[in-house]
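Here is a short briefing on the structure shown below. It moves from the domains to the sheet, the helices and the overall dimensions.

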Amino acid sequence: MLQLKGRINSSNVMKALWVLEEIGLDYEREDVGGAFGKNHEAPYLNLNPNGRIPTIIDGDLVLWESNSVVRYLAATHSAGTLWPTDPAARARCDMWMDWQLTELVHGMVPVFHGLIRKTPEERDMDAIAAARDDWAGKWRILDDHLSRNTYIGGDTFTMADIPIGPLAYRWYELPIEREDFTHLHRWYDLICTRPAFQKHCMTGLS
Amino acid sequence: MLKILGRATSSNVQKVVWLCDELNIPYDRTDIGGPFGGNDKPEYLSLNPNGIVPTIDDDGFILWESNAIIRYLAEKHGKGTDFWPEDLQARASESRWMDWALSILAARHVPVFVGLIRTAEADRDYDKIAAARDLWSKANKVLETWLADHEFLSGDTFGLGDIPASPFTYRWFNIDIEREDFPHMKRWHEAICARPAFKKHIIDVGLS
């Protein structure tokens with residue numbers, strides 16, 4: 001059976017949990033990282049030398065980097081649905097998945113960690129405000145894209161929606177100022193109707 | 001013909017032109033970004049709303065994000081070669097190093113590269129650069145660990161998984177900084193440097 005290692009309140013682990021639920025694959029999960037530790041100990045570092053989560057083990061394959069995990073599970077279990085078989089359609093999905101790593105995540109990290117994982121005394125409110133503005137600028141780009149596309153990959157739900165979904169939940173749940181991004185909100189409402197997203201990603205902020 | 005928009009000194013553009021030469025894909029490149037500007041103009045932003053390079057126009061198909069571009073080109077032109085293995089586990093393993101170059105390596109090298117190469121000496125924050133160098137070195141230790149057991153990041157042979165990390169590795173070995181002794185990483189980098197397309201697009205362009 002596929003093994004997944006990582007604590008459930010990590011947005012990167014959520015991506016793996018969500019895709020596993022969408023494709024209906026059985027798996028065993030072990031809590032690693034954060035309060036559970038183990039991610040900087042030899043047995044885990046032998047699997048993933050970064051000491052980060054998640055890591056999956058599927059037969060002979062030990063795989064880390066959450067977007068690659070999503071891509072792999074979609075390719076092996078959902079070709080033609082989550083994983084478009086048309087190369088151009090799939091390239092558009094890959095593009096937005098990479099964009100989540102290169103652009104969208106950077107604004108989120110200082111805001112989420114600052115407001116949720118730090119004590120009020122530790123918070124740098126100026127840094128949080130600046131990161132929020134940066135993050136909003138990225139959502140504006142996605143809002144424009146979603147003015148012409150039902151889902152991030154196009155007309156249907158695909159793997160491209162998965163890396164961005166857990167970050168959208170944080171955007172809408174954190175106690176921050178939010179611009180009125182109507183197309184983003186319309187897409188987010190659609191994502192929120194998916195039972196797998198509700199189960200693994202709409203789980204509070206911690 | 002494939003059009004590539006982006007200046008030759010961008011590591012993200014370098015990934016694309018390097019792969020094009022590896023696969024003998026003809027292309028026409030236009031200088032955009034950095035000293036050439038143009039990336040904040042409406043006509044470029046209508047193609048790529050992020051205003052960064054590269055963007056490709058492949059007979060009307062517009063794509064940005066350099067790793068997504070090289071995946072697309074490898075599948076279109078490199079099926080059946082080491083650049084696009086049929087085995088999905090092999091492809092996933094390569095994909096991991098491509099993502100890792102974005103999520104870890106790019107962010108960690110930027111303060112060092114920009115601080116020492118694109119910032120005037122009087123404006124440099126050497127404490128910040130030193131702290132960033134230490135973090136960058138930790139990322140390289142991850143490469144070293146993998147390369148102790150594997151010939152390439154892609155596995156036994158050179159492939160797509162080696163491309164995104166390599167321009168950063170070139171910078172690591174050529175910026176004037178302290179460097180730990182990573183013999184496996186060095187052996188791998190020398191194998192990359194022996195590739196004519198890498199020499200042309202990364203080594204001969206140098207650091208700027």
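**Two domains in one chain**

The domain assignment splits chain A into domain 1 (2-77) and domain 2 (87-198). Keep in mind that this is a predicted model. Chain A holds eight helices and four strands.

**Domain layout**

- The C-alpha centres of domain 1 and domain 2 of chain A are 21 Å apart.
- The two domains touch: 14 residues of domain 1 of chain A are in contact with 20 residues of domain 2 of chain A.

**Order of elements**

- Read from the N terminus, the elements of chain A follow the pattern β-α-β-α-β-β-α-α-α-α-α-α.

**The sheet**

- The four strands of chain A build an open sheet.
- Their order across the sheet is β2-β1-β3-β4, and the pairing is mixed.
- At the edges sit β2 (27-30) and β4 (61-64) of chain A, and each of them pairs on one side only.
- On average, neighbouring strands of this sheet are turned by 20 degrees against each other, direction ignored.
- Strand β1 (residues 2-5) of chain A pairs with strand β3 (residues 55-58) of chain A.
- This β1-β3 pairing is antiparallel and spans three bridges.
- One residue pair to look for: A:K5 has A:T55 in β3(A) as its bridge partner.
- As background, strands of a sheet pair through backbone hydrogen bonds, either parallel or antiparallel.

**Helices on the sheet**

- Helix α1 (residues 11-23) of chain A lies across β1 and β2 of chain A.
- Helix α1 of chain A runs at about 155 degrees to β1(A).
- Helix α3 (residues 66-77) of chain A lies across β1, β3 and β4 of chain A.
- Helix α3 of chain A runs at about 130 degrees to β4(A).
- Strand β1 of chain A is thus crossed by helix α1 and by helix α3.

**Size and packing**

- Chain A has 206 residues, and a compact globule with that count would have a radius of gyration near 17 Å.
- The value for chain A is 17 Å, so chain A agrees with the globule rule.
- Along the principal axes, the C-alpha atoms of chain A fill a box of roughly 45 × 45 × 25 Å.
- Of the 206 residues of chain A, 54% count as buried.
- Among contacts in chain A with a separation of 6 or more, 67% join residues 24 or more positions apart.

**Surface**

- Chain A exposes about 8,500 Å².
- Carbon and sulfur atoms supply 49% of that exposed area.

Terms used: Residues numbered from 1 in each chain as written. Chains lettered and ligands numbered in written order. Predicted model: local features only at pLDDT ≥ 70, side-chain atom pairs only at ≥ 80, totals over all residues. Heavy atoms only, no water. Pairing = 2+ DSSP bridges. Helix = DSSP H or I, 4+ residues; strand = E, 2+ residues; numbered from the N terminus. Axes fitted to C-alpha atoms, helices over the stretch in contact; angles between N-to-C directions. Contact = heavy atoms within 4.5 Å. Rg over C-alpha atoms; globule rule 2.2 N^0.38 Å. Buried < 20%, exposed > 50% of the residue type's maximum accessible area, 1.4 Å probe, protein only. Areas by Shrake-Rupley, 256 points an atom, 1.4 Å probe, with all protein chains shown as cover. Domains from an automatic or database assignment.
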